[in-house]
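Okay, thanks everyone for squeezing in. I'll put the model up, and then I'd like to walk through side-chain pairs, rings and one sheet.

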Number of protein chains: 2
Amino acid sequence: MKELRRDVYQAISDPVRREIITLLAEKPRNLNAVANEFPISRPAISKHIKILTECGLIHIRVEGRERFCEAKLESLGEVSEWTNQFKRFWTNKLNALEMHLKNAGKSKPKKK
Amino acid sequence: MKELRRDVYQAISDPVRREIITLLAEKPRNLNAVANEFPISRPAISKHIKILTECGLIHIRVEGRERFCEAKLESLGEVSEWTNQFKRFWTNKLNALEMHLKNAGKSKPKKK
DNA sequence: TAAAAATGTAACCATTTGGTTACAAATATA
DNA sequence: TATATTTGTAACCAAATGGTTACATTTTTA
């Protein structure tokens, strides 16, 4: 694996990596502790951790033979900003729905 | 291409697809108009469009021989929510920085 | 009706991805 | 010191990805 084109969007495109992020956001764990949460092999997790480290989403604190992984999710802010620029696409729809429900509730004709 | 495991995270992991989204969010265009904005071939763009359509990020309105693509970015809301649950990871840092700058400005010792 | 335009898609290709097993290395423990 | 623990990584593999060219189809236009 050469791990090219590493960016935060690609990092979070894998569901396992998203779960790792969620786990580590809760509390730091060493690599084995992370691996134990998944049905796949430790080396596979090790690779995911490497990818997440490479794009700055987690930081490794070496402690003896253990590597403690902690979430450093600043760069998720970039994704947040990118998606938020399109917020109108779902909030408008939401508002329209709310409006509709409100009106429906207000002037609902008796179902006779 | 079998296009398996199609979800919004994977859809936006490709930079070309993110650009397509940005383009179409501005205004709908037919497939050729989209393809003309990129240095890659029309079939390549056609595949990207297909992927975006499959995961609901764009909608195709057929009009004669043309296919007008329009952005339907509701499902980006999912990504927004997912990232926002980790907001503290970058806003805290931001607050800390602001605080630091504010204090630095307030009580900055004269550099003598 | 013949030609042009817009698009889909098949067949192909190289690279990347995400997993595996096997082994090595460093550190901690009995 | 011998053994167990924690991790890295090499070598391998199948499938997915992102691109290409070539050709077919449908619709519009001259």
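Let me start with a term I'll keep using: buried means under 20% relative accessible area, exposed means over 50%, and partly exposed is in between, with a 1.4 Å probe and protein chains only. Now the fine print. This is a predicted model, so local features need pLDDT of at least 70 and side-chain atom pairs count only at pLDDT 80 or more, while totals for chains, interfaces and linings use all residues. Residues are numbered from 1 along each chain as its sequence is written, chains are lettered from A and ligands numbered from 1 in the order in which they are written, and side-chain values use heavy atoms, with hydrogens and water left out.

Right, rings. Rings of Phe, Tyr and Trp (its six-membered ring) pair if their centres lie within 6.5 Å; planes under 30 degrees apart count as stacked, over 60 as edge-to-face and the rest as tilted. How many aromatic pairs does the structure hold over all chains? Six. Take Phe86(A) and Phe89(A): their ring centres are 6.4 Å apart with the planes at 65 degrees, so that's edge-to-face. Phe86(A) and Phe89(A) are both buried. Over in chain B, Trp82(B) and Phe86(B) are edge-to-face as well, because their planes sit at 75 degrees, with centres 5.1 Å apart. Trp82(B) is buried at 12% relative accessibility, and Phe86(B) is buried at 2%. Back in chain A, one aromatic cluster takes in Tyr9(A), Trp82(A), Phe86(A) and Phe89(A).

Tyr9(A) also has a visitor from the other chain: Arg18(B) lies over its face, 3.8 Å from the ring centre. And which residue lies over the face of Tyr9(B)? That's Arg18(A), at 3.8 Å from the ring centre. For a charge to sit over a ring, NZ of Lys or CZ of Arg has to be within 6 Å of the ring centre and within 35 degrees of the ring normal.

On to salt bridges. Here that's a side-chain nitrogen of Lys or Arg within 4 Å of a carboxyl oxygen of Asp or Glu. Searching the whole structure gives eight over all chains. One of them joins Arg29(A) to Glu26(A), at 2.5 Å from N to O. Buried or exposed, for Arg29(A)? Buried, at 9%, whereas its partner Glu26(A) is exposed at 56%.

Then there's Arg61(A) with Glu70(A), closest N and O atoms 3.0 Å apart. Arg61(A) is partly exposed at 32%, and Glu70(A) is partly exposed at 24%. Add Glu63(A) and you have a salt-bridge network linking Arg61(A), Glu63(A) and Glu70(A). In chain B, Arg61(B) and Glu70(B) form a salt bridge too, 3.0 Å from N to O.

Last stop, the sheet in chain B. Strands (E, at least two residues) and helices (H or I, at least four) are DSSP runs, numbered from the N terminus, and two strands pair if DSSP finds at least two bridges between them. Three strands make an open, antiparallel sheet in the order E1-E3-E2 of chain B. At the edges you've got E1(B), 29–30, and E2(B), 58–63, each pairing on one side only. E1(B) is joined to E3(B), residues 66–71, by two bridges, and Asn30(B) stands opposite Phe68(B) in E3(B).

That's my tour. Thanks, and over to you.
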